[in-house]
Every structure is written in structure tokens, then in C-alpha cells.
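Visitor: I'm new to this, so could you walk me through the reasoning behind the labels?
Guide: Sure, let's take them one by one.

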Amino acid sequence: MTQNLLSNFYERKANGQKSFAVLIDPDKVNSENFSKLLDLCVEYNVDYIFVGGSLIMDYVMAEVIAKVKEYTNIPVILFPGNSLYIDSQADAILLLSLISGRNPDFLIGQHVILAPILRKSGLEILSTGYMLIDSGQQTTVSYISTTTPIPYDKPGIAVCTAMAGEMLGLKLMYLDAGSGAINPVSQEMIAAVRKSVDTPIIVGGGINSIKKAKNALSAGADVIVVGNGIEENIDLLKQIALTVGSYHLTVNS
Ligand code: 1GP
């Protein structure tokens with residue numbers, strides 16, 4: 001099994017290079033806009049395409065991934081809402097352990113069931129400490145997983161959680177305020193986690209403007225994930241891509 005993408009995450013972090021992941025929720029793909037979205041991903045050098053959603057209303061994931069693969073070589077990484085989200089056309093999977101919660105099923109249970117399938121799938125496994133951060137309203141993931149998110153204003157809890165996750169061997173940390181969050185993860189929390197672990201940090205949830213993207217990047221996010229904001233305004237893709245690119249030029253000049 002290859003480890004190319006994980007190395008890529010670590011190399012980019014070591015070089016101070018920020019990355020942009022576009023999240024595609026197969027349930028929300030609109031065929032009219034989809035080709036345009038993929039064209040823009042290619043034109044603006046999006047680094048990763050995450051595919052996933054919290055619910056499966058219509059099982060179109062295989063078609064969606066096939067179309068992404070037809071259009072582009074951008075790595076496709078599964079961001080699974082649940083164990084049905086496995087498709088070996090993708091390059092890798094964020095194997096999420098929901099370490100902000102205390103539901104054994106989302107910490108290890110579903111992983112046990114999936115392990116043989118994942119082993120055979122050929123997908124690169126990206127073991128990820130997944131932390132839900134309270135954004136002021138209940139998210140689908142917190143409802144489905146019956147877990148309580150980390151309070152918005154308690155960076156210390158996020159720090160200790162990330163440290164424990166890293167000590168347990170998780171290779172990436174994902175701070176998520178939830179799709180469409182009104183308040184993205186705070187800069188204070190991102191910066192505190194950044195100081196306490198060496199893993200690349202992925203930040204998502206409610207990043208729907210250049211300012212919010214810059215806030216996350218300057219606080220220490222290595223990868224920002226944007227889904228909802230682009231679904232609502234496809235032009236945001238270009239704006240965020242240029243922001244991520246310019247950020248890289250600024251910090252390295
Ligand atoms: C949600 O982090 C992702 O799990 C992305 O959130 O849809 O709000 O961009 P948005």
C-alpha cells in the first residue's frame with residue numbers, strides 16, 4: 001500500500017506550503033455546475049478533492065468519483081460520513097477517529113468492521129484524529145454520532161485531545177466546526193493546537209470568505225477545506241485558491 005499522500009501532507013507542512021481541499025458532497029452535486037466546478041479545480045490547482053457527506057440520500061458517490069477522475073488528476077480523498085462511504089476509485093481515505101467524542105463506535109467500532117474491506121481496497125489510509133468543535137448550533141455529525149463537540153472557547157481541550165491523538169499514532173488532525181458552521185474554528189484554538197502537535201492540521205467548517213480562509217491559514221492550518229461556501233457561490237473557489245497561493249508566496253518570500 002502506498003503512502004504517497006501522507007508524505008505529501010508532511011512535505012508540504014515542512015515547506016510551509018498551505019493546501020486547499022474542495023469538499024464535494026455527492027448528495028449536493030448539481031450536474032449543471034459539476035463540470036464547471038471540476039474545471040475550476042483544475043484551473044486553480046486545487047490540491048485535494050475530498051468526497052463525503054454526513055448522510056447518504058442518493059447513492060451517487062461512485063459516479064461522482066468517476067467523473068472527478070475523468071476530469072483531473074487531483075487526488076481524491078474520501079471523507080466518510082459513515083462506513084458506507086468506501087469507494088476504491090478514490091486515492092485515499094481519511095480514516096477518522098472521532099476523538100472529540102466518547103462514542104466507541106466512532107472511535108474504533110466502525111473501523112473494526114471496515115478493516116478487512118479497507119485492507120483490500122487499495123486505498124491509502126490516512127489515520128486522522130477528527131475533532132468536532134462547537135459552532136453554536138448542533139451539526140449533523142454531532143447528532144448522528146451522539147457526541148458533544150469541544151466547546152468553541154476551550155482551546156485547552158482541543159490541545160490535549162490532539163496531543164493524545166498524536167501520541168496514539170494518528171497522523172493528521174482535523175478540526176471541524178461542521179458543514180455550514182456560522183462560526184469557523186477560532187484562530188486561538190487553531191494556533192494552540194498548532195503549537196502542541198507536529199501533525200499536519202486540517203481545518204474546515206464555515207470557511208466561506210477570503211477573510212475566514214486567511215484567519216485559519218495564518219493561525220496555523222495546513223489544509224483548509226471548503227464545501228458549503230463553494231456550493232453557494234462557485235466563484236469562491238477561485239478566490240480561496242488565490243488566497244492559499246498568495247499566502248504561500250508571502251510566507252516564503
Ligand atoms: C465539513 O469541514 C467540512 O465537515 C467543510 O465545511 O461545508 O462549511 O465548508 P463547509
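**What the labels rest on**

Guide: Keep in mind that this is a predicted model. Just past helix α8, Gly220 has a positive phi, about 130°.

Visitor: What makes Ala213, Ala216, Leu217 and Ala219 of α8 count as buried or exposed?
Guide: The cut-off for buried is under 20% relative accessible area. In α8, which covers residues 210–219, Ala213, Ala216, Leu217 and Ala219 are called buried, so each of these residues falls under 20%.

Visitor: Which residues touch the most other members of the largest nonpolar core?
Guide: Phe20, Ile224 and Leu237 do, in a core of 62 residues. Helix α10 (residues 235–252) gives the largest share of this core, six residues. Another core, of 22 residues, lies apart from it, with Leu6, Ala21, Leu98 and Leu132 among them.

Visitor: What is Ile224 in contact with, beyond its neighbours within four places in sequence?
Guide: Its partners include Phe20, Val203, Ile207, Ile240 and Val244. Ala213, Ala216 and Leu217 are on that list too. Contact needs heavy atoms within 4.5 Å, so each of these partners meets that limit with Ile224.

Visitor: Why is the pair between Gly180 and the ligand called a polar contact?
Guide: A polar backbone atom of Gly180 sits 2.6 Å from a ligand oxygen. The limit for N or O atoms is 3.5 Å, so this pair qualifies. By that limit, the backbone pairs of Gly205 at 3.2 Å and Asn228 at 2.8 Å qualify as well.

Visitor: How much of the ligand does the protein bury?
Guide: Alone, the ligand exposes 310 Å², and the protein buries 96% of that.

Notes: Residues numbered from 1 in each chain as written. Predicted model: local features only at pLDDT ≥ 70, side-chain atom pairs only at ≥ 80, totals over all residues. Heavy atoms only, no water. Buried < 20%, exposed > 50% of the residue type's maximum accessible area, 1.4 Å probe, protein only. Helix = DSSP H or I, 4+ residues; strand = E, 2+ residues; numbered from the N terminus. Core = buried A, V, L, I, M, F, W, Y, C linked by side-chain atoms within 4.5 Å. Polar contact = N/O pair within 3.5 Å; in protein donor to acceptor, adjacent residues only side chain to side chain. Areas by Shrake-Rupley, 256 points an atom, 1.4 Å probe, with all protein chains shown as cover.
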